[in-house]
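Biologist: I have a new structure to go through with you. Let us take it one question at a time.

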Amino acid sequence: MTTTERPVAAPPQFHVLAKPTGAICNLDCSYCFFLSKEALYPGDRFRMSDEVMRAYIGQLLAAHTTLNVTIAWQGGEPTLMGLDFFKRAVAVAEELKRPGQRLEHTIQTNGTLLDDEWGAFFAEHGFIVGISIDGPRQLHDIYRVDKRGGPTFDKVIDGLEVLDRHGVDVNVLCAVNRMNADHPLIVYRFFRDFLGLSFIQFIPIVERENDTGFQEGDTVTDRSVTPEQWGRFLVAVFEEWITNDVGDVFVMTFDTALAKWLDIKGGLCVFAETCGDAIALEHNGDVYACDHYVEPKYLLGNITDTTLVELIAKPEQRAFGDAKRDTLPRYCLECPVRFACNGECPKNRFTLTPDGEPGLNYLCEGYRKFFTHVDPAMRKMAELVRSGRNAEDVMEILGAERSARYAGVGRNDPCPCGSGRKFKQCHVHVV
């Protein structure tokens with residue numbers, strides 16, 4: 001396809017999560033929604049061929065009208081492909097990139113197979129590596145287990161140490177589930193203080209109870225975080241962050257929220273007004289509407305027959321993305337924090353509004369609590385940024401306000417915030 005043949009409906013840039021091993025993984029995490037996708041390809045070897053890899057990279061580079069292009073790998077566990085596959089992929093990208101294009105290589109891994117050869121390779125080519133960790137040992141090992149049901153924490157930490165030795169840029173992906181959600185500060189401080197990580201993404205586990213593994217049904221498993229837990233988790237971490245860590249630690253949910261208060265595009269697709277610009281590529285070249293919708297009815301086609309840019313521009317894909325905005329129930333349309341939330345991810349919209357309308361996000365209660373809570377601080381940070389100051393200046397401003405507000409409050413007095421708890425059990429840590 002030439003640039004003159006580019007479909008009018010195609011976005012100028014889009015994101016592809018390429019899964020070179022499909023759903024195959026060396027771990028057996030209890031809440032993993034993707035392991036069941038193996039059933040879509042019975043008898044398959046689940047290894048991306050060099051032909052499909054070359055088609056993916058070439059079509060991705062050709063499709064982007066912007067100079068910055070992200071080449072992203074995920075799984076399953078992508079490192080099961082072996083290092084030589086990724087060496088070939090990087091070489092292909094260098095061969096096919098257009099003059100002026102800047103490539104960003106990313107990979108999401110459980111970290112258990114990494115060694116110094118991997119670390120040196122990632123460092124040489126500037127990879128950003130996402131590592132999946134659910135907190136300290138006692139929380140991580142509850143659900144993130146190997147094929148025998150054994151713990152994985154030590155192997156993950158070994159992989160993280162490999163990346164640290166080689167100076168690789170790392171971010172942590174933490175799945176917030178029913179067990180670790182009640183320990184927000186333990187989890188956050190473990191990442192910040194023990195692991196020394198500065199880039200953190202928290203994702204809520206919302207696992208539908210069904211036999212298909214698809215986005216069906218209106219009940220969740222007992223591994224899923226509850227809406228109340230999710231809201232409390234985000235608020236607790238935010239309070240720690242806004243007090244001590246603005247400018248030093250970057251939590252993607254908070255960064256995206258600030259972008260909303262600044263009325264600019266944020267980094268998380270779940271909070272965008274529409275979606276459809278982030279597609280999933282399977283090992284055999286099949287393309288699906290979204291990583292969370294790898295299901296037969298959301299199959300767009302195969303890149304060996306139709307290019308990526310044509311697939312993402314298909315009317316059904318554009319309609320899929322617009323439906324995120326167009327199917328919001330009235331309860332959401334009238335919500336004061338809709339501008340920040342936008343109903344979050346469509347995969348979680350399976351509950352009823354208070355007046356019985358379908359399409360409410362399962363996590364709505366938690367998000368309303370979080371976005372309402374952060375509004376005053378976000379307004380202050382947005383004002384600072386607009387005036388040319390640094391967002392981290394908010395810590396000094398809020399610190400002075402808090403000191404005045406809580407001055408003279410005894411540890412056993414009711415907390416002035418109105419929570420109903422004693423001061424020592426609530427906001428004593430912020431003064």
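Biologist: How many Å apart are the mean positions of the positive and negative charges of the chain?

Modeller: This is a predicted model, so every value here is computed from it. The chain has 46 positive and 61 negative charges. Take the mean position of each set, and the gap between them is 4 Å.

Biologist: Which helices and strands make up the chain, and how many of each?

Modeller: The chain's secondary structure mixes both kinds of element. The strands number twelve, and the helices number 14.

Biologist: Why is the chain called as compact as a globular protein of its length?

Modeller: The globule rule gives 22 Å for 431 residues. The chain's own radius of gyration is close to that value, so it is as compact as a globular protein of that length. Its C-alpha trace spans about 70 × 50 × 50 Å along the principal axes. The radius of gyration itself is 22 Å.

Biologist: What percentage of the residues is buried?

Modeller: Buried means under 20% relative accessible area. The chain exposes about 19,300 Å², with 50% of it from carbon and sulfur atoms. Of the 431 residues, the buried part is 51%.

Biologist: Take contacts between residues at least 6 apart in sequence. What percentage of them joins residues at least 24 apart?

Modeller: These contacts link parts of the chain that are separated in sequence. The share that joins residues at least 24 apart is 68%.

Biologist: Which residues have the most contacts inside the largest nonpolar core?

Modeller: This core has 104 residues. Its largest share, nine residues, comes from helix 13 (residues 364-386). Another core, of seven residues, lies apart from it and includes Phe34 and Val294. In the largest core, the residues with the most contacts are Tyr56, Trp73 and Phe202.

Biologist: Which residues does Tyr56 touch, leaving out those up to four places away in sequence?

Modeller: Some of its partners sit side by side in sequence: Ile71, Ala72 and Trp73. Others are Leu281, Ile303 and Leu308. The list is completed by Val16 and Ala18.

Biologist: Why is helix 8 described as largely enclosed by the rest of the structure?

Modeller: Helix 8 covers residues 252-261, ten in total. Its buried residues include Phe254, Leu258 and Trp261, and also Lys260. They pack against strand 6, helix 7, strand 7, helix 12 and helix 13. Helix 8 is largely enclosed because its buried residues number eight of the ten.

Biologist: Which residue follows helix 8 and has a positive phi?

Modeller: Most residues other than glycine have a negative phi. The residue after helix 8 has a phi near 60 degrees, and it is Asp263.

Biologist: Is Phe46 buried or exposed?

Modeller: Phe46 lies in the loop between strand 1 and helix 1. Its phi is positive, near 55 degrees. Phe46 also belongs to the core of seven residues. Its relative accessibility is 5%, so Phe46 counts as buried.

Biologist: And Ala39, buried or exposed?

Modeller: Ala39 is also placed in the loop between strand 1 (15-18) and helix 1 (50-63). The cut-off for exposed is over 50%. At 61% relative accessibility, Ala39 is exposed.

Biologist: Which two residues does a cis peptide bond join?

Modeller: Most peptide bonds are trans. Here one has an omega of about 10 degrees, which is cis. Gly76 is in the loop between strand 2 and helix 2. The cis bond joins Gly75 and Gly76.

Biologist: How far apart in space are His15 and Ala278, C-alpha to C-alpha?

Modeller: His15 lies in strand 1. It touches Ala278, with Asp277 and Ile279 among its other partners. The two residues are 263 apart in sequence. In space, the C-alpha distance is 4.5 Å.

Biologist: Which residues does His427 touch, again leaving out those up to four places away?

Modeller: His427 sits in the segment after helix 14. At 13% relative accessibility, it counts as buried. Its C-alpha is 9.2 Å from that of Glu239, 188 residues away along the chain. The residues it touches are Glu239, Tyr406, Cys415 and Cys417.

Note on methods
Residues numbered from 1 in each chain as written. Predicted model: local features only at pLDDT ≥ 70, side-chain atom pairs only at ≥ 80, totals over all residues. Heavy atoms only, no water. Helix = DSSP H or I, 4+ residues; strand = E, 2+ residues; numbered from the N terminus. Rg over C-alpha atoms; globule rule 2.2 N^0.38 Å. Buried < 20%, exposed > 50% of the residue type's maximum accessible area, 1.4 Å probe, protein only. Contact = heavy atoms within 4.5 Å. Areas by Shrake-Rupley, 256 points an atom, 1.4 Å probe, with all protein chains shown as cover. Lys, Arg positive; Asp, Glu negative; His and termini not counted. Charge placed at Lys NZ, Arg CZ, Asp CG, Glu CD. Core = buried A, V, L, I, M, F, W, Y, C linked by side-chain atoms within 4.5 Å.
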